[in-house]
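Reader: I'd like a close look at one part of this model, with a bit of context around it. Could you walk me through it in one go?

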Amino acid sequence: MTQRRVPYLILAPGLILLILFLVLPLISTIFPTFFNGGFTFSNYTSFFLDEYNFGIFWRTIKISLIATLICVVLGVPTAYYISQSPKKWRGLLMSVTLFPLLTNSVVRSFAWITILGQDGMLNNALMNIGLLSKPLTMLYTEFAIVIGSVYLFLPLMVITLVGILENIDSEIMEAAETLGANRLIAFVKVILPLSVPGIIVGSILVFTGSLTAYTTPQLLGGNRNIMLATFLYQNATALGNWQGASVIALIMIVATLIVMKLFSWIAGRMDKRGEASA
Amino acid sequence: MRKNIGLKIFAGLVFAFLLVPLLIIIVTSFGTNTTIQFPIKGFTLEWYSKVFNNEAFMDSFFLSLQVAFIATLLALIIGVPAAYSLARHRVFGRNWIKSFFLSPTIVPGLVVGYAMYQFIVIKFQFPIIQGLFLGHFLICLPYVIRVVGSTIEQLDFSIEEVSWTLGCTKLQAFIKVVLPNITSGIFASFMLAFINSFNNIPVSQFLSGPGVTMLPTSLMNYIEYNYDPSVSALSVILMLGTIVLMYVIEKTLGLASIS
């Protein structure tokens, strides 16, 4: 009989630590946001009805969506290129992709400060060749956050896609070309559909990553372009509004879960369509 | 295979996009100007000595190393047996428990840090440093469960059965037969967990206080008020650390094992 309990004894320490230091803290932080005399959603309805708050929420969704789209557009061909390279090159190209991913995100955001700043590299270069007469404001804009997020998450998208595309038989492209498709059409009609599972997984990573990112909007967005994570931090520290911070915390968790479910649902539907047409 | 020129150029531009910003940082770290400039005017190593003489940087560097190391170790001690149990034992609600173990990756890091700060530091008056260790343990655990779990699933179950038949107890079999066969998975998860804990900002953002600041947070605070090449120099040092780790992983497991 004691044999049966062994697995639970082995799992217990991890489960207890998770409950004590993740679940209970979350519950104790978020639970009070539903009570104001009695049970109420008013904290949440008033968050979304407030124009300023909703603006921040919408900006976060918008930036995450744009960053995800750019990562797909840049990621699919790049991953395809890596997966089709000879073996010895592939290792090198994968390390080039992994290197930024393993480098600290503060360093990666900082790189874009030096490029996009008022006296940054890009402005100086554009003025030197005479394309600009005075520097453009690129840093501390939504544009800067998008670039920073793409830079942060593109490697994740590429690596996820390479894993999928490596398993695609290269003869399938040759077959498509032999049958008269030109390369671009063959890519769009053959490779793209086959990489959908990778695109979905990669998009979940990029979207939820940008949705909850703190470093990038903090360093590249400035005070005007606040996103959910920086808003949470601001509420909790500068504004001392713990209730508000907790409301944002739950919104971030729920948004993450919705995105994951939604993307998986899309993937499921696409799978079924594939089966039906096959 | 014939190469498509268009694709080659496209991929080349993407790789340039990934690498050039980091190369610019490397160049600016040697500049003589007191603000960051590119291209640089003169050459100096002064900023590197500035970094090593900056107490805040050095203290937070050692704190980061310590936290990442201990959190990863704790995650291994608790996670490896748990991953084994999930892979081998008949456990009620196995998939639920597994997702529960992976759940710290679903909750946004800043929220994890915020909730822990509220609950552990404010409510129960734990020292911040303990919250920091626990928060980073939460970051590390999913990597151990996932990577070690899949290594165990790929391990041939019959070698364990043989060792039982030959008289090993279950515990002896786990230590003498299973552990030596999953060292690569343990090492890979150690590396992943360590790197992610060391680089993590959101979780530690709330869990910091006087004398308790992790390196990325301390670098971020510095950037908000300063714009001198010592930031570039510290970034280069961190990149060198990344390269060393990547080299070690490549030589031992191959980079493919962590991607």
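To set the scene: among contacts in chain A between residues at least 6 apart in sequence, what share joins residues at least 24 apart? After that, please zoom in on how helix α4 of chain A packs against helix α7 of chain A.

Author: Sure, and keep in mind that this is a predicted model. On your opening question, the share is 72% for chain A, counting contacts between residues at least 6 apart in sequence. Chain A has 13 helices and 2 strands, and its C-alpha trace spans about 75 × 70 × 35 Å along the principal axes. Of its 278 residues, 43% are buried.

Now for the pair you asked about. Helix α4(A) covers residues 87-102 and helix α7(A) covers residues 142-165; their axes come within 9 Å and cross at roughly 140°. Angles over 145 degrees would count as roughly antiparallel, so α4(A) is oblique to α7(A). The crossing is left-handed. On the α4(A) side, the contact is made by M94(A), T97(A), L98(A), P100(A) and L101(A), while α7(A) brings in P155(A), L156(A), V158(A), I159(A) and V162(A). By class, that contact has 9 nonpolar residues, 1 polar and no charged ones.

Both helices turn up again at the chain boundary. There, 58 residues of chain A are in contact with 62 residues of chain B. The elements of chain A giving two or more residues to that side include α4 and α7, though α1(A) gives the most, with 14 residues. Sorted by class, chain A's side has 41 nonpolar, 16 polar and 1 charged.

Technical notes. Residues numbered from 1 in each chain as written. Chains lettered and ligands numbered in written order. Predicted model: local features only at pLDDT ≥ 70, side-chain atom pairs only at ≥ 80, totals over all residues. Helix = DSSP H or I, 4+ residues; strand = E, 2+ residues; numbered from the N terminus. Buried ≥ 20, exposed ≤ 12 C-beta atoms within 10 Å, placed from the backbone. Contact = placed C-beta atoms within 7 Å. Axes fitted to C-alpha atoms, helices over the stretch in contact; angles between N-to-C directions. Parallel < 35°, antiparallel > 145°, perpendicular 65-115°, else oblique. Left-handed = near helix turned anticlockwise from the far one by under 90°. Nonpolar A, V, L, I, M, F, W, Y, C, P; charged D, E, K, R; others polar.
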